[in-house]
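The following account leads the reader through one protein chain, starting from a single residue and widening to the whole fold. It may be read with the sequence and the structure side by side.

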Amino acid sequence: MKKVRKVVLLTLLVMAGLTAGVYFLLSNQEGGPTGEFQDRMSEDQSDLHTDRAYQYDIGEKAVVLSTSGEEKNVLNFDQTNVYQLSNSNAARERLDRLIKRTDASFESPIIALNPFGTNINSFYFFFETSYRCMVRYTITVEEETISDHVRYVNNGQENNLSKQHEFVVSGLVPGRVNYIVIELLDSTGAMREEKTYQFTAPGVNLPERISMVEGHAKETLCSGMYFTFPSGDNRIAAYDNQGVLRNVTVTESGHGRKILRSADSVLYQVSDTKVAKVSSLGRVTGVVQIKKYGKIQDFSYDGFNEIYSIGHKKKQDYLLATSFETGKTRVVYKFPKGISIDSLGVPQGGNLCITSVGPSGLIMMDAITSAKPKISFVLGKKSAWKKVVSRKKVVEDEEVVTWDMSHSVLIPSEENAGRQSMLVGKKGKMEAVEWDVDFAKKKANVAISGETDAVAGNLMQVKNTHFIVIDPAKGSFSEMSKDDRVIRQFSFGKPLDSVMKLTLGGMCFYGI
């Protein structure tokens, strides 16, 4: 990024009627770890720490995880038809039966290899302890240049302490001998018990490490993993801050461009016409299929029951809503001919923000859950919109009218509910913006903006005060600091459809 980014802190209005469907809500963690322990947890989970659990004799005390033979100590599950809900429910029922009839302890836990089939090289654990504690797991390998992968399991209990422990260990490096160190901790982070496992993770035919170049920024990368969507590959690959492959999510036949967080679940496409809802354990809890409207162009979620998506039929775009409960799709709104929809925002209180690339602008939908949804107003140029909507509905917001939103993807903010980010063209330059919409005043409130070196066709996400700028054609992405300098640049080596950085704090592990 060439120019110093302008951080414009405007008064962001709290929008009335925010629904529980706001994305990225973190779990309530009042009374949890504080002070020095909290700082240590944050550092441990950043994937940037230099301490390593690996020791030359670690293999001598490790229990080898075996899925076959006389030494078999890991349960195997059917991993076909992963996104058929009945199969995921059957796996859950089998685990529940085992839990009921097995006195699983820390010394003798229930361990299953990827029981729900969604995440390659992951292990399910269940055990009970005689005292309340929390679990920390560390994945370490012999290679010194690969940092340890450390996570504190979020058990959802007060102070993150519990006697019952059910979680999934992910983050194993494919093609390597991985050592999994599981520790029981008290409320101060002191270790009470420890056990080490060993597993040689199979390769996955994806780059184990992607190339990485340090930038000139003095800031450190924000916590989280880069979820990459390789072009021509049906899987979603997650890389840590060191560019090490830590998770591979399978789909049926396609992954789209987004992975969304809603409370304790993530949602993503598993084909051109299907979206799945998956829990922190990797269990599929819902699947919807949108039929008769072509490929899903983009999707969103109301946080309760419905997936909103953009469909296309007979030269017109449609806003659709599909129910997880019934599987039925309803037409929310049929856009007039001449409007080309590209991306959906976050449904809030019956409102929804939509980007249009032709004409360029932001469409604000109102009453999307009612029998008569409507376009409340459009932020754009009146001259561009006069042939498709009433001029009274068009508001020439001084900021938005300068944006060219060709093929921008709205990405909800993980840190600021209601805000969204994207890359726009502006006066011959590309600009990164994070903003929300004030429906009462009919304007966009820009929180962060800055000119970038990106070109048309690139994508962008705001993460904390950093920018993640993606060049899909080159298969590269950079995390930029608040003073517009490159912190670190990564190259996947092949084209990417998208990249999103998520922490998943409060879902898969304890969020700081």
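In this predicted model, Leu-221 has a relative accessibility of 6% and therefore counts as buried, the limit being under 20%. The residue lies in the loop that links β9 (211–214) with β10. Which residues does Leu-221 touch, leaving aside those up to four places away in sequence? The list consists of Leu-48, Tyr-226, Asn-241, His-466, Glu-479, Ile-487, Arg-488, Phe-490 and Lys-501. By contrast, Ala-112 stands 109 residues from Leu-221 along the chain, and the C-alpha atoms of the two are separated by 33 Å.

From this loop the view may be widened to the whole chain. The protein contains 4 helices and 34 strands. Its radius of gyration is 23 Å, close to the 24 Å that the globule rule gives for 512 residues, so the protein is as compact as a globular protein of that length. The C-alpha trace spans about 75 × 50 × 45 Å along the principal axes. Of the 512 residues, 57% count as buried. The exposed surface amounts to about 21,800 Å², of which carbon and sulfur atoms supply 47%. Among contacts with a separation of 6 or more, 58% join residues that are 24 or more positions apart.

The confidence of the prediction should be kept in mind. The mean pLDDT is 89, and 93% of the residues reach 70 or more. Over residues 2–31, however, the pLDDT is below 50, although this stretch has 78 contacts in the model beyond near neighbours in sequence.

The interior comes next. In soluble globular proteins, nonpolar side chains tend to be buried together. The largest nonpolar core here has 41 residues, and those with the most contacts inside it are Tyr-83, Leu-206, Phe-227, Ile-259, Tyr-268 and Phe-477. At least two residues of this core come from each of β10 (225–230), β11 (236–239), β12 (245–249), β14 (265–269), β15 (274–279), β31 (466–471), β33 (486–491) and β34 (496–502). Phe-227 illustrates the packing: apart from residues up to four places away in sequence, it touches Ile-236, Ala-237, Ala-238, Ile-259, Ser-498, Val-499, Met-500, Leu-502 and Leu-504. A second, separate core comprises 23 residues, including Phe-123, Ile-180, Leu-184 and Phe-199.

The strand pairings around β8 (residues 191–200) can now be considered. Strand β1 (residues 63–64) runs parallel to β8 and is joined to it by 2 bridges. Strand β7 (residues 177–185) pairs with β8 in the antiparallel sense over 9 bridges. Gln-198 in β8 takes part in both pairings, standing opposite Val-64 and opposite Tyr-179. The hairpin of β7 and β8 has 5 residues between its strands, and Gly-189 there takes a positive phi near 95°.

Further along the chain, 5 strands form an open sheet of mixed pairing in the order β21-β22-β23-β24-β25. The edges are β21 (340–344) and β25 (394–395), each of which pairs on one side only. How do β24 (residues 374–380) and β25 pair, in the parallel or the antiparallel sense? The pairing is parallel, over 2 bridges, and Leu-379 stands opposite Val-395 in β25.

Another open sheet has 4 strands in the order β26-β27-β28-β29, with antiparallel pairing. Strands β26 (411–412) and β29 (443–452) each have a single partner strand, so one side of each is left without a neighbour in the sheet. Strand β28 (residues 429–438) is mostly covered, with 9 of its 10 residues buried.

On one side, β28 is joined to the antiparallel strand β27 (residues 420–426) by 7 bridges. Within this pairing, Met-422 has Val-433 as its bridge partner in β28, and Lys-426 stands opposite Lys-429. The hairpin of β27 and β28 has 2 residues between the strands, and Lys-427 in the turn has a positive phi of about 55°. The pairing of β28 with β29 is likewise antiparallel and involves 9 bridges; here Ala-432 stands opposite Gly-450 in β29. These two strands form a hairpin with 4 residues between them, and Lys-442 in its turn has a positive phi of about 55°.

Key: Residues are numbered from 1 along each chain as its sequence is written. This is a predicted model: local features need pLDDT of at least 70, side-chain atom pairs count only at pLDDT 80 or more; totals for chains, interfaces and linings use all residues. Side-chain values use heavy atoms; hydrogens and water are left out. Two strands pair if DSSP finds at least two bridges between them. pLDDT is the predictor's confidence in each residue, from 0 to 100. Contact means heavy atoms within 4.5 Å. The radius of gyration is taken over C-alpha atoms; the globule rule is 2.2 Å times the number of residues to the power 0.38. Buried means under 20% relative accessible area, exposed over 50%, partly exposed in between (1.4 Å probe, protein chains only). Accessible areas come from the Shrake-Rupley method with a 1.4 Å probe; for residues, only the protein chains shown count as cover. A nonpolar core is a set of buried Ala, Val, Leu, Ile, Met, Phe, Trp, Tyr and Cys residues joined through side-chain atoms within 4.5 Å.
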